Amino acid sequence: MTNAPMIDLRDTTKKYDDGPPALAGVTLSVAAGECVAILGHSGSGKSTLLNLIAGLDKPSSGTVTVDGIRVDRLGEAGSAKYRRASVGLIFQFFNLLDDLSVWDNVMVPAQLAGMGKAEAKRRAVELLGSLGIDRHAKAHPQRLSGGQRQRVAVARALMNKPALLLADEPTGALDSSSAEDVRRLLLDLNGEGQTLLLVTHDVRLAASTARRTIELVDGAVERDVINDGSGAGLAARTPLTRPAGEVR
Ligand SMILES: Nc1ncnc2c1ncn2[C@@H]1O[C@H](COP(=O)(O)OP(=O)(O)OP(=O)(O)O)[C@@H](O)[C@H]1O
Ligand SMILES: [Mg+2]
């Protein structure tokens, strides 16, 4: 582990069209191996932040540096290469390819990264086994439950052993027992040293999974705190549920 931060944002702003900025001058740093929850209301800029870190989108101003790479300066090819090499992405709605089997979905990143066939096969077998979905390798994703699909998405994200795992509401579409499985899995991965950014609007999920919580309000960092593990103080201080009927 190096002393350089895994993620470093300096005064990073993202503006879409003419509205208020989706991210407004965010400066933050995440060390290698940290597990950080990103909390905030709908529209507060959580996915925008993840997209910038993943190089899927560019900031309007400011810098995004990941593992020493100026991600905001990468062109299309460079940013695709960076993602293949360094980033595992897990989305709320899985983003699996329904035309492909579970096995092929998991193999795609390895093929794109040019991993040798034998190694890719070994890795896929290992991941599907440890995630408990090896029985479904030949099935197509639409035949699986939400929890199973999310585990396929996790396997795919881990295929290239990314240094950084970005999870955007990974339990949002899951029932509570599948959500707990995915939560434990993410915790295990972080325990093995993987840097994890977990976007959620669930205060309890944040407090029970991450050591540190960053809360966004209107695209700015409102709070950046170390959790005590109980989640009690956090939940009490910040009611994240808007009053019924309030529209953004
Ligand atoms: N492609 C886009 N074009 C224009 N505006 C966008 C785009 N993507 C996001 N926004 C706006 O930027 C703001 C932040 O959106 P973002 O998706 O980052 O929020 P979020 O915190 O992830 O919300 P949610 O919890 O609902 O997923 C919102 O006001 C949204 O409307
Ligand atoms: Mg979002």
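This is a short tour of a predicted model, with stops at ligand 1 and at three helix pairs.

**Stop one: ligand 1**

Select ligand 1 and display the residues around it, which number 12. Which of them come nearest? They are S42, G43, K46, S47 and T48. Colour the shell by residue class next: 7 of its residues are polar, 3 are charged and 2 are nonpolar.

Now label the atoms and go through the polar contacts one at a time. Begin with S42, where a polar atom of the side chain sits 2.5 Å from an oxygen atom of ligand 1. Move to S44, whose contact comes from the backbone: an N or O atom there is 3.2 Å from a ligand oxygen. At G45 a polar backbone atom also takes part, at 3.0 Å from an oxygen atom of ligand 1. With these contacts on screen, switch on the surface of ligand 1. On its own the ligand would expose 630 Å², and the protein buries 59% of that area.

**Stop two: α3 and α4**

Hide the ligand and select residues 102-112, which form helix α3, together with residues 117-130, which form helix α4. Their axes come within 10 Å of each other and cross at roughly 130°. Because of that angle, α3 counts as oblique to α4. Look along the line between the two axes to check the sense of the crossing: α3 passes α4 in a right-handed manner.

**Stop three: α3 and α5**

Keep α3 selected, drop α4 and add α5, which spans residues 146-158. How do α3 and α5 pack? The angle is about 25° and the axes are 7 Å apart. An angle under 35 degrees counts as roughly parallel, so α3 is described as roughly parallel to α5. The crossing of α3 over α5 is right-handed.

**Stop four: α5 and α6**

Leave α5 in place, remove α3 and select residues 176-191, helix α6. Here the axes are 9 Å apart and the packing angle is about 20°. The pair α5 and α6 is therefore roughly parallel. Rotate the view until one helix lies in front of the other; α5 passes α6 in a right-handed crossing.

Notes: Residues are numbered from 1 along each chain as its sequence is written. Chains are lettered from A and ligands numbered from 1 in the order in which they are written. This is a predicted model: local features need pLDDT of at least 70, side-chain atom pairs count only at pLDDT 80 or more; totals for chains, interfaces and linings use all residues. Side-chain values use heavy atoms; hydrogens and water are left out. A residue is near a molecule or strand if one of its heavy atoms lies within 4 Å of it. A polar contact is a pair of N or O atoms within 3.5 Å; within protein, one must be able to donate a hydrogen and the other to accept it, and residues adjacent in sequence count only if both atoms are side-chain atoms. Accessible areas come from the Shrake-Rupley method with a 1.4 Å probe; for residues, only the protein chains shown count as cover. Ala, Val, Leu, Ile, Met, Phe, Trp, Tyr, Cys and Pro count as nonpolar, Asp, Glu, Lys and Arg as charged, and the others, Gly among them, as polar. Axes are lines fitted to C-alpha atoms, for helices over the stretch in contact, and angles run from 0 to 180 degrees between N-to-C directions. Helices (H or I, at least four residues) and strands (E, at least two) are DSSP runs, numbered from the N terminus. Angles under 35 degrees count as roughly parallel, over 145 as roughly antiparallel, 65 to 115 as roughly perpendicular and the rest as oblique. A crossing is left-handed if the near helix is turned anticlockwise from the far one by less than a right angle, and right-handed if clockwise.
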